[in-house]
Amino acid sequence: MKATVTVMLKTGVLDPQGKAIAHALGTLGFAGVGDVRAGKVIELELAETDPKKARAVAEEMARKLLANTVIESFRVEVGG
């Protein structure tokens with residue numbers, strides 16, 4: 001079963017990569033871009049077939065390794 005973990009910096013945490021992207025977009029002529037936040041997406045192929053168990057496993061992985069929960073939040077989607 002596929003699980004997708006999306007990790008983003010928490011609101012209020014400085015995001016220099018997002019600021020650099022916003023600046024570069026402006027330089028390229030893309031007007032009207034406000035705040036940009038950059039994150040990461042991790043796709044996991046899990047052996048688990050029960051969606052609830054797969055979500056629980058992916059959330060545990062995110063808490064223990066994939067996200068720094070002090071400064072990042074994460075969202076898990078399961079399907080397929």
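**Exercise 1. A bridge between two strands**

Which residue forms a salt bridge with Lys 2, and how far apart are the closest N and O atoms?

*Solution.* Before starting, keep in mind that this is a predicted model.

Step 1: Look for the partner. Lys 2 forms its salt bridge with Glu 43, and the closest N and O atoms are 3.6 Å apart.

Step 2: Place both residues. Lys 2 belongs to strand β1 and Glu 43 to strand β2 (residues 39-45), so this pair ties together parts that lie 41 residues apart in sequence.

Step 3: Check the surroundings. Lys 2 is partly exposed, at 34% relative accessible area, while Glu 43 is exposed, at 54%.

**Exercise 2. The other salt bridges**

Find how many salt bridges there are, and describe those that do not involve Lys 2.

*Solution.* Step 1: Start with the total. The count comes to three salt bridges.

Step 2: Turn to the helix. Lys 64 and Glu 60 meet through their side chains, at 2.9 Å from N to O. Both residues sit in helix α2, four residues apart, about one turn of the helix. Lys 64 is exposed, with a relative accessible area of 67%, and Glu 60 counts as partly exposed at 38%.

Step 3: Go on to Glu 77 and Arg 75, whose side chains form a salt bridge of 3.1 Å, N to O. Here Glu 77 is partly exposed at 42% relative accessibility, and Arg 75 is partly exposed too, at 46%.

**Exercise 3. Putting the sheet in order**

Work out the order of the strands in the sheet and say which ones stand at the edges.

*Solution.* Step 1: Read the order. The three strands form an open sheet, β2-β1-β3, with antiparallel pairing.

Step 2: Find the edges. β2 and β3 (72-79) each have a single partner strand, so one side of each is left without a neighbour in the sheet. From one strand to the next, the twist averages 15°.

Step 3: Count the bridges. β1 is joined to β3 by eight bridges and to β2 by seven.

Step 4: Match some residues across the strands. Ala 3 stands opposite Val 78 in β3, and Met 8 faces Ser 73 in β3. Towards β2, Thr 6 stands opposite Val 41.

Step 5: Ask how enclosed β1 is. Six of its eight residues are buried, so β1 is largely enclosed by the rest of the structure.

**Exercise 4. Helix, sheet and core**

Describe where α2 lies relative to the sheet, and which element gives the largest share of the largest nonpolar core.

*Solution.* Step 1: Position the helix. α2 lies across β1, β2 and β3, and runs at about 155° to β3.

Step 2: List the core. The largest nonpolar core has twelve residues: Met 1, Ala 3, Val 5, Val 7, Leu 44, Leu 46, Ala 54, Ala 58, Ala 62, Leu 66, Ala 67 and Val 76.

Step 3: Sort by element. β1 (2-9) and α2 (51-66) are the elements that give two or more residues to this core, and α2 provides the largest share, with four.

Step 4: Zoom in on one core member. Setting aside neighbours within four places in sequence, Val 5 is in contact with ten residues, among them Ile 42, Leu 44, Ala 58, Ala 62, Leu 66 and Val 76.

Step 5: Set this beside a general trend. In soluble globular proteins, nonpolar side chains tend to be buried together.

Technical notes. Residues are numbered from 1 along each chain as its sequence is written. This is a predicted model: local features need pLDDT of at least 70, side-chain atom pairs count only at pLDDT 80 or more; totals for chains, interfaces and linings use all residues. Side-chain values use heavy atoms; hydrogens and water are left out. A nonpolar core is a set of buried Ala, Val, Leu, Ile, Met, Phe, Trp, Tyr and Cys residues joined through side-chain atoms within 4.5 Å. Buried means under 20% relative accessible area, exposed over 50%, partly exposed in between (1.4 Å probe, protein chains only). Contact means heavy atoms within 4.5 Å. A salt bridge is a side-chain nitrogen of Lys or Arg within 4 Å of a carboxyl oxygen of Asp or Glu. Two strands pair if DSSP finds at least two bridges between them. Axes are lines fitted to C-alpha atoms, for helices over the stretch in contact, and angles run from 0 to 180 degrees between N-to-C directions.
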